[in-house]
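I opened this entry to record what I looked up, going from the packing of the interior to a pair of helices and then to a few single residues.

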Amino acid sequence: MEDPSRPDRIIPMTTTAMQRATPPPAAASAPHTPHIPATGANRADRIYRGVVTGLALLLPLLLLAQVSELAVNAWPAMRRFGFGFLWHTTWDPVAEVYGAGPLIFGTVVSSLLALAIAVPLALGVAVFLTEFAPRQLRQPVAFLVELLAAVPSVVYGLWGIFVLIPFLRAVVVPPLKSLLGWTPFFSGPYYGSSMLAGGVILAVMIVPYIAAVSREVLLAVPESQREAALGLGATRWEAVWTAVLPYGRSGIIGAVMLGLGRALGETMAVTMLIGNRHDISASLLQPAYTIAAAIANEFSEATTSTYLSALFEVGLLLFVITVTVNAMARILVWRVARGRAVGSRAL
């Protein structure tokens with residue numbers, strides 16, 4: 001028998017015993033990180049923050065500079081004519097009497113008329129390109145629609161004089177006068193340059209903006225929205241009307257307001273077609289005037305300080321109207337979105 005006390009006897013060890021006997025491995029040492037002086041990093045961060053802050057403040061400061069310049073130069077007219085400048089209809093540089101009522105009326109009415117014509121057309125183009133058009137037709141048509149935005153304003157004006165006005169005179173206005181001539185909106189003779197011509201040319205000019213932005217909004221709608229509506233038994237048009245358009249309504253509102261801002265500030269084409277007459281008329285067939293057209297036409301003719309100040313006040317009014325429209329659009333988008341997904345109530 002073997003003596004268990006012999007030193008040369010090897011006793012097998014179990015796995016558990018070997019694990020207990022094996023010392024734990026040494027912890028892996030952290031990789032060496034080179035030391036960066038804090039002073040240089042802090043200086044670079046401060047420089048970067050200062051540059052970014054300056055760029056962020058540049059546009060608001062530019063906006064304030066524009067407002068202050070307009071207000072300072074418009075102050076003599078504001079002090080002389082008061083709030084009556086907003087609704088008085090007399091514009092007489094000889095007698096030094098000025099009122100912006102016809103200009104404000106023409107600007108607002110022509111822009112709203114352009115929206116009434118352009119929004120259905122632009123939304124129809126956007127829905128067709130995203131939902132119903134063949135794939136091989138979508139990109140070429142979208143490119144052609146967006147190409148309209150690159151046409152210069154003066155080219156639109158020339159096209160309006162030689163093509164649009166004769167077309168309205170021969171094809172559009174006679175049926176309108178026979179059907180709606182009894183209303184004040186289509187009464188009186190039609191000579192060509194009018195509120196109707198100005199509104200139509202504005203509509204043609206803002207269609208590409210509204211259609212392009214609306215198309216991008218509709219393309220961003222998830223496919224699950226359409227599939228859910230179709231799965232519930234909706235037709236293709238019902239799916240678009242009940243699921244796709246409500247989902248992208250805030251973006252579509254933004255597109256419409258973008259077109260409205262473009263229409264409010266348009267100058268050259270409207271100046272060539274609207275007639276440029278200081279008058280307020282309910283008839284769309286009569287000439288009118290806009291703020292931008294008045295500034296473009298009469299700024300070089302302003303020889304007196306009062307005349308120049310009145311034009312500056314008109315420019316300030318256009319600025320205020322544009323900012324107000326954009327602010328209302330932003331508030332409307334906030335009320336629609338309410339801080340949640342825009343399409344949460346689409347179905």
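Before placing anything in a loop between two helices, I note that helices here are DSSP runs of H or I with at least four residues, numbered from the N terminus. I also keep in mind that this is a predicted model.

**Entry 1, backbone outliers.** I looked for positive phi values outside glycine, and I found N276 with phi near 55°. N276 sits in the loop between α10 and α11, and I record it as partly exposed because its relative accessible area is 26%. I found another such case in E96, which is not a glycine and has a positive phi of about 60°. E96 belongs to the loop between β1 (91-92) and β2 (97-98), and with a relative accessibility of 15% E96 counts as buried, since the cut-off is under 20%.

**Entry 2, nonpolar cores.** I then asked which residues have the most contacts inside the largest nonpolar core. They are F85, W91 and I210, in a core of 62 residues. I listed the elements that give two or more residues to this core, and they are α2 (38-81), α3, α5 (153-180), α6 (195-219), α9 (249-265), α10 (268-273), α11 (291-298) and α12 (305-337). Of these, α6 gives the most, with twelve residues. Following F85 further, and leaving aside its neighbours within four places in sequence, I found it in contact with W91, Y98, G99, A100, G101, A310, E313, V314 and L317. I also noted a second, separate core of nine residues, with A126, V127, V240 and V244 among them.

**Entry 3, α5 against α6.** How do the axes of α5 and α6 cross? They come within 10 Å and cross at roughly 125°, so I enter α5 and α6 as oblique to each other. The crossing of these two helices is right-handed. On the α5 side I listed S153, Y156, W159, G160, L164, I165, L168 and V173, which meet L196, A197, V200, I201, V204 and M205 in α6. Sorted by class, this contact has twelve nonpolar residues, two polar ones and no charged ones.

**Entry 4, T107.** Is T107 buried or exposed? T107 is found in helix α3 (residues 101-132), and I count T107 as buried because its relative accessibility is 1%. Setting aside neighbours within four places in sequence, I found T107 in contact with L264, Y289, T290, I291 and L318.

Key
Residues are numbered from 1 along each chain as its sequence is written. This is a predicted model: local features need pLDDT of at least 70, side-chain atom pairs count only at pLDDT 80 or more; totals for chains, interfaces and linings use all residues. Side-chain values use heavy atoms; hydrogens and water are left out. Buried means under 20% relative accessible area, exposed over 50%, partly exposed in between (1.4 Å probe, protein chains only). Contact means heavy atoms within 4.5 Å. A nonpolar core is a set of buried Ala, Val, Leu, Ile, Met, Phe, Trp, Tyr and Cys residues joined through side-chain atoms within 4.5 Å. Axes are lines fitted to C-alpha atoms, for helices over the stretch in contact, and angles run from 0 to 180 degrees between N-to-C directions. Angles under 35 degrees count as roughly parallel, over 145 as roughly antiparallel, 65 to 115 as roughly perpendicular and the rest as oblique. A crossing is left-handed if the near helix is turned anticlockwise from the far one by less than a right angle, and right-handed if clockwise. Ala, Val, Leu, Ile, Met, Phe, Trp, Tyr, Cys and Pro count as nonpolar, Asp, Glu, Lys and Arg as charged, and the others, Gly among them, as polar.
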